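Open the model in your viewer and keep the selection box handy. We will walk from one stop to the next, picking out residues as we go.

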Amino acid sequence: MIHKKLEDIKKADIESLIANEVNELKTLEYKQQLPGSGSEDKKEFLADVSSFANASGGDIIYGIKEENGIAESITYISKDKADETILRLENIIRDNVDPRLVVQIKPVEGWGDNQKDCVILLRIPQSFSSPHMVTFKGSSRFYSRNSAGKWPLDVHEIRSAFLATESQTERIMHFRADRLSKIIADETPVKLLSSNRLILHIIPLSSFLNRNRFDLSSKKEISRMFPQMAHSGYNHRYNLDGLVTSSGNEDTTESRYSYCQIFFDGTLESVLSNIARSRSENNKTTSYIFPRYEKDVVQAMQTYLQSYLEIGLVPPAFVSL
């Protein structure tokens with residue numbers, strides 16, 4: 001898989017696959033020709049696409065010749081055929097995969113006499129509605145893949161795939177419940193000013209469920225990409241869970257208004273304390289949250305989601321407030 005947002009992929013990124021002799025991977029496959037219109041070609045295409053969705057996602061690039069799995073040369077596709085081809089491939093996937101699967105398809109231009117001919121990159125996300133079944137002409141086949149390519153799932157593997165999907169919700173809810181209990185018990189990465197707390201969790205599903213680990217120290221200015229909620233001025237430090245940013249100075253014993261903990265798998269916990277919870281009017285207590293807190297959350301979400309894209313974490317994500 002090319003580790004860039006689809007819209008940022010250019011001719012140079014494709015040519016680097018050739019120059020660096022990049023091998024096919026679990027998340028990357030080369031095809032010299034586009035899928036044909038015959039039944040066997042469509043079956044093969046659907047098996048390829050569904051196998052990526054049922055595994056870790058990835059890219060299929062049409063217009064690259066490979067030798068023993070290594071990118072060898074570019075056999076580009078006429079730009080005149082690109083729009084028609086994209087529509088045809090989208091229709092095949094839409095009509096013959098269940099549950100429905102949404103993919104991204106992009107022509108990457110830059111070849112031929114007019115520099116308009118292209119390769120076609122098809123990006124399949126890892127699905128959280130898996131396993132997806134190929135239903136072409138009444139078939140009921142499931143596929144997955146590893147570094148050696150795709151294979152049809154047997155009954156035991158299909159059962160395991162359904163069970164894995166069902167357990168995803170349990171893992172997410174267990175993580176959330178565990179973190180909330182720790183915050184209530186003051187087991188937080190920094191000492192907070194009060195027991196009234198607004199708690200935001202963002203769980204990027206692909207990274208969380210696959211237990212991916214990011215090198216948070218390798219990204220320049222990453223501490224500024226994940227600031228604490230609502231307060232300017234911050235300090236940051238690494239801990240056993242990842243990176244934490246907080247309001248206040250370098251004194252680690254000082255109580256803080258807020259913090260943001262980014263875990264190594266990309267999960268984020270942002271906590272704002274000293275929240276007003278109630279007021280008294282005419283001897284009555286009214287619970288409320290200031291409108292400014294809603295604004296704080298929206299602004300924080302925009303910052304965090306943009307930062308996710310910059311470090312290569314893509315939707316979907318589970319959000320809890």
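Before the first selection, one definition helps: two strands count as paired if DSSP finds at least two bridges between them. Keep in mind, too, that this is a predicted model.

**Stop 1: the mixed sheet**

Select β1, β2, β7 and β6, which in that order make up an open sheet of 4 strands with mixed pairing. Color residues 28–31 and 104–111 next: these are β1 and β6, the edge strands, and each has a single partner strand, so one side of each is left without a neighbour in the sheet. Ignoring direction, neighbouring strands here are turned by 20° against each other on average.

Now zoom in on β6 and β7, which pair in the antiparallel sense over 7 bridges. To find one of these pairings, show Trp111, whose bridge partner in β7 is Asp117.

Which strands does helix α1 touch as it packs on this sheet? Select residues 11–19 and you will see α1 in contact with β1, β2 (58–62), β6 and β7. The direction of α1 makes about 85° with that of β6.

**Stop 2: a helix that meets both sheets**

Add residues 39–54, helix α2. On the mixed sheet, α2 lies across β1, β2 and β7, running at about 150° to β2. Follow α2 further and you find that it also lies across β5, β8 (133–134), β9 and β10, this time at about 65° to β9.

**Stop 3: the antiparallel sheet**

Those last strands are the next selection. They form an open sheet of 4 strands in the order β5-β8-β9-β10, with antiparallel pairing. At the edges are β5 (97–98) and β10 (149–152), each pairing on one side only.

Select residues 141–146 to see β9, which pairs with β10 in the antiparallel sense over 4 bridges. The two strands form a hairpin with 2 residues between them. Display the side chains of two cross-strand pairs: Tyr143 stands opposite Pro152 in β10, and Arg145 stands opposite Lys150 in β10.

**Stop 4: a hairpin with a positive phi**

Move to residues 64–67 and 70–74, strands β3 and β4. They run antiparallel and are joined by 4 bridges. Pick Lys65 and look across to Ser73, its bridge partner in β4. Then click on the turn: this hairpin has 2 residues between the strands, and Asn68 takes a positive phi near 55°.

**Stop 5: salt bridges**

How many salt bridges does a search of the whole structure find? The total is 15. Here are some to display.

- Keep Lys65 on screen and add Glu72: their side chains meet in a salt bridge, at 3.6 Å from N to O. Glu72 is partly exposed, with a relative accessible area of 38%, and Lys65 is partly exposed as well, at 31%.
- While charged side chains are in view, select Glu29, Lys31, Glu44, Asp48, Arg145 and Lys150, which are joined into one network by salt bridges that share partners.
- Within that selection, look at Glu29 and Lys31, whose side chains meet in a salt bridge at 2.8 Å, N to O. Are these two buried or exposed? Glu29 has a relative accessible area of 9%, so it counts as buried, and Lys31 is buried at 19%. The cut-off for buried is under 20%.
- Finally, show Asp13 and Lys4, which form a salt bridge with the closest N and O atoms 3.0 Å apart. Asp13 is buried, with a relative accessible area of 15%, whereas Lys4 is partly exposed at 38%.

**Stop 6: the largest pocket**

Turn on a surface for the last stop. The largest pocket holds about 1100 Å³ of space. Its lining consists of 39 residues, and those nearest its centre are Met1, Ser56, Ser206, Gly312 and Val314. Show these five as sticks to mark the middle of the pocket.

Which elements each supply at least two residues of this lining? Select β7 (117–124), α5 (205–209) and α7 (291–310) to see them. You have already met β7 in the mixed sheet, where it pairs with β6, so this selection also brings you back to where the tour began.

Definitions and conventions. Residues are numbered from 1 along each chain as its sequence is written. This is a predicted model: local features need pLDDT of at least 70, side-chain atom pairs count only at pLDDT 80 or more; totals for chains, interfaces and linings use all residues. Side-chain values use heavy atoms; hydrogens and water are left out. Contact means heavy atoms within 4.5 Å. Axes are lines fitted to C-alpha atoms, for helices over the stretch in contact, and angles run from 0 to 180 degrees between N-to-C directions. A salt bridge is a side-chain nitrogen of Lys or Arg within 4 Å of a carboxyl oxygen of Asp or Glu. Buried means under 20% relative accessible area, exposed over 50%, partly exposed in between (1.4 Å probe, protein chains only). On a 1 Å grid over the protein atoms alone, a cavity is a set of points where a 1.4 Å probe fits but cannot get out, and a pocket is an open set with protein on both sides within 12 Å along at least five of seven lines; lining residues have an atom within 4 Å of a point. Grid points are joined across faces, edges and corners, and a volume is the space filled by probe spheres set on the points.
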